[in-house]
Amino acid sequence: MKNNMKVVFISVISSIFMAVPCFASPYAAPVIEKNDYTAQVNGTWLQNPIYENKDHAHMYPLREVCELLGYDVVWEPNTKKITVTGDNIIAECKSGESSVLVDGDMVFELRAEIENKNGMTYVPSLFFTNIFPINMTNEPNEVILVEKQTNQVTATITDATMNTLSVQTAEGTYYTFDTSNADKSKCNGLTIGSEVTVFYKGNLYDNTEVVALEQTLL
């Protein structure tokens with residue numbers, strides 16, 4: 001009989017607790033949703049936000065960023081393949097995959113899948129920073145500055161015309177640069193045999209675009 005009374009008593013107590021509504025503790029930590037990121041690409045604000053996906057990768061709107069960087073984007077409806085061309089680099093990828101074929105013979109892993117969100121292709125930040133010569137700088141208020149890298153090389157001039165410059169480095173490597181848009185205000189004649197510092201965008205290839213040329217002014 002006593003055992004039966006215990007069972008009934010426990011059942012009544014359990015029913016009371018189940019009937020009492022649950023309230024959140026006033027001391028519980030508030031849930032703070034992280035804002036979407038935004039970015040400036042070469043000084044222009046993105047119209048679409050950056051977001052952090054389930055893999056904690058920062059996702060960027062592919063076509064919009066590429067257009068601001070001056071890259072070409074081609075989507076093939078039949079194969080669903082996306083081809084991005086810029087700075088003498090060709091990257092091929094597909095939505096739903098995490099790998100990118102670079103220059104036709106190298107496979108690069110993004111560690112997060114390329115996604116389609118609201119009909120727009122988004123890629124992880126590594127797509128730009130590890131494949132293309134792009135810098136991303138974190139600024140306050142979740143703002144990221146996306147810019148092309150500017151590199152430099154100091155070499156001896158071997159030939160120079162109005163829009164091209166050929167040089168030889170101390171290691172004996174020859175390069176030809178496109179100087180049509182270069183700042184030449186710090187140049188001193190660009191004579192053959194003289195030394196010049198070439199500031200360029202992207203990777204060092206023949207006909208790489210030059211940002212500025214600098215020599216010691218006499």
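This passage describes the sheets, the nonpolar cores, the cysteines and selected residue environments of a predicted model.

The strands β2, β1, β13 and β12 form, in that order, an open four-stranded sheet whose pairing is mixed. The edges of this sheet are occupied by β2 (44–45) and β12 (134–139), and since each has a single partner strand, one side of each is left without a neighbour in the sheet. Within the sheet, strand β1 (residues 38–41) and strand β13 (residues 143–148) run parallel and are joined by four bridges, and Val41 has Val146 of β13 as its bridge partner. Helix α2 (residues 62–69) packs on this sheet, where the helix touches β1, β2, β12 and β13, and its direction makes an angle of about 25° with that of β1. The buried residues of α2 are Leu62, Glu64, Val65, Cys66 and Leu69. An α-helix has 3.6 residues a turn, so residues three or four places apart point the same way. Just after α2, a positive phi of about 85° is found at Gly70.

A five-stranded open sheet is built from antiparallel pairings in the order β5-β6-β7-β8-β9. Here the edge positions belong to β5 (72–76) and β9 (106–109), each of which has a single partner strand, so that one side of each is left without a neighbour in the sheet. From one strand to the next, the twist averages 25°. Strand β7 (residues 89–93) and strand β8 (residues 99–102) run antiparallel and are joined by two bridges, with Glu92 standing opposite Leu101 of β8.

Thr83 lies in strand β6 of this region. With a relative accessible area of 14%, Thr83 falls under the 20% limit and is therefore buried. Leaving aside residues up to four places away in sequence, the contacts of Thr83 are with Asp72, Val73, Val74 and Glu76, and also with Ile90, Ala91 and Glu92.

The largest nonpolar core comprises 30 residues, among which Val84, Phe127, Phe128, Ile131 and Phe132 touch the most other members. At least two residues of this core are supplied by each of β1, α2, β6 (81–86), β7, β8, α3 (126–129) and β13, and the largest share, four residues, comes from α2. In soluble globular proteins, nonpolar side chains tend to be buried together. The surroundings of Phe132, not counting residues up to four places away in sequence, consist of contacts with Tyr71, Val84, Gly86, Ile89, Ala91 and Phe127. A second core, separate from the one just described, contains 15 residues, including Val153, Ile157, Leu165 and Val198.

Strand β14 (residues 150–160) is joined by seven bridges to strand β18 (residues 195–201), with which it runs antiparallel, and Thr150 of this pairing stands opposite Lys201 in β18. Strand β14 is also joined to β15 by four bridges in an antiparallel arrangement; the two strands form a hairpin with three residues between them, and Ala160 has Leu165 of β15 as its bridge partner.

Ser166 is placed in strand β15 (residues 164–168). Because its relative accessibility of 16% lies under 20%, Ser166 counts as buried. The side chain of Ser166 makes a polar contact of 3.2 Å with the side chain of Thr176. Apart from residues up to four places away in sequence, Ser166 touches Thr156, Ile157, Thr158 and Asp159, together with Tyr175 and Thr176.

With regard to the cysteines, the number of disulfides in the model is zero. For Cys66, the closest cysteine sulfur is that of Cys93, and the separation of 8.7 Å is too far for a bond, given a limit of 2.5 Å between the sulfur atoms. Cys66 is buried, with a relative accessible area of 0%, and Cys187, at 17% relative accessibility, likewise counts as buried.

Definitions and conventions:
Residues are numbered from 1 along each chain as its sequence is written. This is a predicted model: local features need pLDDT of at least 70, side-chain atom pairs count only at pLDDT 80 or more; totals for chains, interfaces and linings use all residues. Side-chain values use heavy atoms; hydrogens and water are left out. Buried means under 20% relative accessible area, exposed over 50%, partly exposed in between (1.4 Å probe, protein chains only). A polar contact is a pair of N or O atoms within 3.5 Å; within protein, one must be able to donate a hydrogen and the other to accept it, and residues adjacent in sequence count only if both atoms are side-chain atoms. Contact means heavy atoms within 4.5 Å. Two strands pair if DSSP finds at least two bridges between them. Axes are lines fitted to C-alpha atoms, for helices over the stretch in contact, and angles run from 0 to 180 degrees between N-to-C directions. A nonpolar core is a set of buried Ala, Val, Leu, Ile, Met, Phe, Trp, Tyr and Cys residues joined through side-chain atoms within 4.5 Å.
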